[in-house]
Each structure stands twice: as structure tokens, then as C-alpha cells.
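Subject: Structure for you to look at

Hello,

Here is the structure I promised to pass on. Please open it and keep it in view while you read.

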Amino acid sequence: MMNNARFEDALTDVAKVYADPKDIIGAEDLSQQQKVKLLRQWEFDLRENLVASEENMTAETTPEGHSAELLRGVRKALIAIGAVDHKDESAAPTKTGGA
């Protein structure tokens, strides 16, 4: 299992530690609970980034469409590990994740 300090560090900025949601799924040093927590945090961060970009408040270094593409990958990863029911995907949530 990933040591607690490293996990907490990853939780503060998931994208700095993992390049792709599949990296979290494949991480053998993470428990199922840690994987879900990291993916949910990453999903939250990406949704916040989408709202910020809509309001022209993102860093210019963020490639256009990158957050939306990554968000789809995170959602697929959550479904793959059973943390989200696939029928949740048909709902039309807000960018921040609310219904």
C-alpha cells in the first residue's frame, strides 16, 4: 500500500503524480479506497478547471480540450473499478458535478 504521506501528497495534485487515470487503476501500491479517492479528487479538480476555463480564468499553458478529455478518462476509470454506476453517465450533471 502507498505510504500515507505520499498518498496525501498525490491527493493535493493528482495530475502531478499521475499522467493518466489508467496509471491509478494499475497502481499496485494503492488500495481500492485510495484509487477511488484519487480519481474522485481528480474529477473534482478537472470540473473546477472546466468552470474556470469557461470564465477565462485558466493558465494559458493548459491545452484547449485537455481537461474535458482527461475528465472522460477519469469517469471511465471510476466505472472500470466499480466506483460509479455506468447509468450515472447518462445524467446531465453540471460541470461541477451536481445534478
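Below is what was found in it, from the overall fold down to single residues.

Please keep in mind that this is a predicted model.

**The overall picture**

The protein has 5 helices and 0 strands. Read from the N terminus, the order is α-α-α-α-α. The chain has 99 residues, and 30% of them are buried. The protein exposes about 6600 Å². Carbon and sulfur atoms supply 49% of that area.

How far apart in sequence are the residues that touch? Take the contacts between residues at least 6 apart in sequence. Of these, 62% join residues at least 24 apart.

**The nonpolar core**

In soluble globular proteins, nonpolar side chains tend to be buried together. Here, the largest nonpolar core has 22 residues. Six names to find on your screen are Tyr18, Ile24, Leu30, Leu38, Leu39 and Trp42, which have the most contacts inside this core.

Which elements give two or more residues to the core? They are H1, H4 and H5. H4 gives the most, with 6 residues.

Leu39 is a good place to zoom in. Set aside its neighbours within four places in sequence. Leu39 is then in contact with Pro21, Ile24, Val74, Ala77, Leu78 and Ile81.

**The salt bridges**

How many salt bridges does the structure hold? There are 3.

Start with Asp29 and Arg6. Their closest N and O atoms are 3.2 Å apart. This pair links distant parts of the chain, 23 residues apart. Arg6 sits in helix H1 (residues 4-12). Asp29 sits in the loop between helix H3 (21-26) and helix H4 (32-54). Are these two residues buried or exposed? Neither word fits. Asp29 has 25% relative accessibility, so it counts as partly exposed. Arg6, at 43%, also counts as partly exposed.

Now go to Glu43 and Arg47. Their side chains meet in a salt bridge, at 3.0 Å from N to O. The two residues are 4 apart in helix H4, which means about one helical turn separates them. Both are buried.

Glu43 also forms a salt bridge with Arg75. The closest N and O atoms in this pair are 2.7 Å apart. Arg75 lies in helix H5 (residues 66-80) and Glu43 in helix H4, so the bridge ties together parts that are 32 residues apart in sequence. Arg75 and Glu43 are both buried.

Put these together and you get a network of salt bridges that links Glu43, Arg47 and Arg75.

**A charged residue without a partner**

One more residue deserves a look: Lys35, in helix H4. Lys35 is buried, yet has no salt bridge. Which side chain of opposite charge is nearest to Lys35? That is Asp29, 7.7 Å away. A salt bridge needs the nitrogen and oxygen within 4 Å.

What does Lys35 touch instead? Leave out residues up to four places away in sequence. Lys35 then touches Ile24, Ile25, Ala27, Leu30 and Ile81. Two of these names, Ile24 and Leu30, also appear in the list of residues with the most contacts inside the core.

**Where to begin**

Try Glu43 first, then follow its salt bridges to Arg47 and Arg75. After that, compare with Lys35, which is buried without a salt bridge.

Best wishes

Key:
Residues are numbered from 1 along each chain as its sequence is written. This is a predicted model: local features need pLDDT of at least 70, side-chain atom pairs count only at pLDDT 80 or more; totals for chains, interfaces and linings use all residues. Side-chain values use heavy atoms; hydrogens and water are left out. Buried means under 20% relative accessible area, exposed over 50%, partly exposed in between (1.4 Å probe, protein chains only). Contact means heavy atoms within 4.5 Å. Accessible areas come from the Shrake-Rupley method with a 1.4 Å probe; for residues, only the protein chains shown count as cover. A nonpolar core is a set of buried Ala, Val, Leu, Ile, Met, Phe, Trp, Tyr and Cys residues joined through side-chain atoms within 4.5 Å. Lys and Arg count as positive and Asp and Glu as negative; His and the chain ends are not counted.
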